[in-house]
Amino acid sequence: MTTIGTGFLAIWSDVSAATETDYVHWLTREHAAERLSVPGFLGVRFFRAQAEGLHRYFILYRLADAAVMASPDYLARLNAPTPWSQRIMPILGNFVRGGGRFAHEEGHGSGSAVLPVTCTLDDLQRLRDLTPRILACDRVVAVRLLEVDAGGTQIQTREKAIRQDDRSFAALAVFEALDDPGLDAVESIIAPVLGSAPRLRYRQVYSLTNPAAPRG
């Protein structure tokens, strides 16, 4: 079980095929390092949706704790976006953002095949009860259950103002596996709680760790 960093920030957004290269260059050549220079940002992982014709990304930051979301250093960065960030923010569609704390984490390491599912707080407790069954499945490596701090998430900033139609959520479950068969097993267990509607799966495409972050 991971014990380093109890906070998180999760973000989803769509980009067009025409702007995707600029977007991924921004993420990997500026934005990740910029965010990890903020005290309390420990690491980040970027994922791309596995769906033909869809250019959707999921970003998961590890924070020292949930208070980082409202820290003066982070808010100062959000209120002074770089020129590249100012160009990227308006092109992000279907934007969803939430930060808070890890309510429960269990497993060993991380997987490249990821199923992130937003849910209610009641759902989160039911999923926690299912965690032993999920982790007993072949090829499943981790379950992460996260609760959003609405106050920290909803702070108005200059960066938020240049995006459109921001949405948030109450809670998030992230299931990690080695491959799709592992996520198939997860889906079969969580369907009675979250329903059987199709859910987007993602593959990790990039990660970065703050070299000053503590190790556990």
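Tutor: In what follows, Ala, Val, Leu, Ile, Met, Phe, Trp, Tyr, Cys and Pro count as nonpolar, Asp, Glu, Lys and Arg as charged, and the others, Gly among them, as polar. This is a predicted model, in which local features need pLDDT of at least 70, while totals for linings use all residues. Residues are numbered from 1 along each chain as its sequence is written.

Student: How do the residues lining the largest cavity divide by character?

Tutor: The largest cavity (on a 1 Å grid, points where a 1.4 Å probe fits but cannot get out) is lined by 17 residues, those with an atom within 4 Å of a point. Ile11, His31, Met89, Phe95 and Glu159 lie nearest its centre. The lining divides into two polar, four charged and eleven nonpolar residues.

Student: Which element gives the largest share of that lining?

Tutor: The elements that give two or more residues include strand S1 (7–14), strand S3 (56–63) and helix H1 (20–36), with helices (H or I, at least four residues) and strands (E, at least two) taken as DSSP runs. The largest share, four residues, comes from H1.

Student: Which residues of S3 lie on the side opposite Arg56, Phe58, Leu60 and Arg62?

Tutor: Eight of the eight residues of S3 are buried (under 20% relative accessible area, 1.4 Å probe, protein chains only), so S3 is largely enclosed by the rest of the structure. Both faces are covered, and the other side carries Tyr57, Ile59, Tyr61 and Leu63.

Student: How many bridges join S1 to S3?

Tutor: Across this antiparallel arrangement, aspartate 14 stands opposite arginine 56. The bridges joining S1 to S3 number eight.

Notes: This is a predicted model: local features need pLDDT of at least 70, side-chain atom pairs count only at pLDDT 80 or more; totals for chains, interfaces and linings use all residues. Side-chain values use heavy atoms; hydrogens and water are left out. On a 1 Å grid over the protein atoms alone, a cavity is a set of points where a 1.4 Å probe fits but cannot get out, and a pocket is an open set with protein on both sides within 12 Å along at least five of seven lines; lining residues have an atom within 4 Å of a point. Buried means under 20% relative accessible area, exposed over 50%, partly exposed in between (1.4 Å probe, protein chains only). Two strands pair if DSSP finds at least two bridges between them.
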